[in-house]
Amino acid sequence: MIKMSEDKIRCKWCNSCNELYVKYHDEEWGIPNFDDHYLYEMLVLESFQAGLSWETILNKREDFRIAFDNFDIEKILEYDEDKFEELMNNEKIVRNKLKINAAINNAFIFKEIVSEFDSFYNYLKTFTNGEIIYENDRGYSPLSEEISKNLKKRGMKFVGPTIIYSFLQAIGIINSHDEECFLYKQV
């Protein structure tokens with residue numbers, strides 16, 4: 001556990017030396033947010049995290065927002081080879097060809113899912129019945145495996161069970177705050 005000067009005990013993974021990370025922990029992680037724009041942003045960022053730390057991605061989040069047109073799906077659907085090359089040459093983001101391709105590809109499928117279910121959250125609710133799940137110390141679950149399998153079947157890339165589990169934690173479907181954390185079962 002990390003104890004901050006204001007006497008709040010946070011999850012042990014939260015780097016108290018990084019104000020951005022503390023703010024993310026306190027104001028965003030695990031707090032339900034089911035807005036489609038936010039869900040797409042988090043899906044992209046979680047996919048870029050694969051093989052890296054979340055803190056690395058979080059520190060580059062504003063650069064990702066700029067590079068990916070604030071995660072505006074309509075703009076991303078129009079990306080061409082020139083935009084792809086621009087992203088590949090952007091030293092401020094993670095320049096991984098497969099992940100950049102996945103972000104663009106996944107925008108098309110995300111939009112199809114939203115069209116089919118009226119929102120991405122409605123799609124997720126078909127797996128969760130709208131419930132918030134409280135569990136800790138996991139990297140994946142039967143739920144994340146099931147959603148991952150379905151997203152892959154639909155054509156998404158970089159959506160393995162671990163990435164989807166992290167995504168579900170970030171958006172508040174799975175609440176994994178440590179029991180000692182001041183946010184445990186408060187969100």
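These legends walk through five close-up views of a predicted model.

**View 1. The largest nonpolar core and the residues that knit it together.**
Start inside the protein, with a core of 56 residues. Within this set, F68, F120 and L168 touch the most other members. Helix α7 gives the most to this core, with 9 residues. In soluble globular proteins, nonpolar side chains tend to be buried together.

**View 2. F68 and its contacts.**
Now zoom in on one of the three residues that touch the most other core members. Which residues does F68 touch, not counting residues up to four places away in sequence? Look for F48, I76, Y79, L87, I93 and A103.

**View 3. The largest pocket and its lining.**
This pocket holds about 330 Å³ of space, and 17 residues line it. Find W13, W29, R138, S166 and Q169, which lie nearest the pocket's centre. Three helices, α1 (19-27), α2 (36-49) and α10 (161-171), each supply at least two residues of the lining. The largest share comes from α10, with 3 residues. What mix of residues makes up this lining? There are 5 nonpolar, 7 polar and 5 charged residues.

**View 4. The second largest pocket and its lining.**
Here the volume is about 160 Å³. The residues to pick out are L20, K23, Y24, E27, E28, L58, R61, E62 and R65. Two elements, α1 and α4 (61-67), give two or more residues each to this lining. Helix α1 provides the largest share, 4 residues. How many residues of this lining are charged, and how many are nonpolar? The lining has 6 charged and 3 nonpolar residues, with no polar ones.

**View 5. Two aspartates with positive phi values, D118 and D137.**
Phi is a backbone angle worth checking in both places. For D118 phi is near 75°, a positive value in a residue other than glycine. You can find D118 in the loop between α7 (97-117) and α8 (120-128). Is D118 buried or exposed? D118 has a relative accessible area of 66%, so it counts as exposed, the cut-off being over 50%. Next, move along to D137, in the loop between β3 (133-134) and α9 (142-154). Phi of D137 is also positive, near 60°, and again the residue is not glycine. D137 is exposed because its relative accessible area, 72%, is over 50%.

Conventions:
Residues are numbered from 1 along each chain as its sequence is written. This is a predicted model: local features need pLDDT of at least 70, side-chain atom pairs count only at pLDDT 80 or more; totals for chains, interfaces and linings use all residues. Side-chain values use heavy atoms; hydrogens and water are left out. Buried means under 20% relative accessible area, exposed over 50%, partly exposed in between (1.4 Å probe, protein chains only). A nonpolar core is a set of buried Ala, Val, Leu, Ile, Met, Phe, Trp, Tyr and Cys residues joined through side-chain atoms within 4.5 Å. Contact means heavy atoms within 4.5 Å. On a 1 Å grid over the protein atoms alone, a cavity is a set of points where a 1.4 Å probe fits but cannot get out, and a pocket is an open set with protein on both sides within 12 Å along at least five of seven lines; lining residues have an atom within 4 Å of a point. Grid points are joined across faces, edges and corners, and a volume is the space filled by probe spheres set on the points. Ala, Val, Leu, Ile, Met, Phe, Trp, Tyr, Cys and Pro count as nonpolar, Asp, Glu, Lys and Arg as charged, and the others, Gly among them, as polar.
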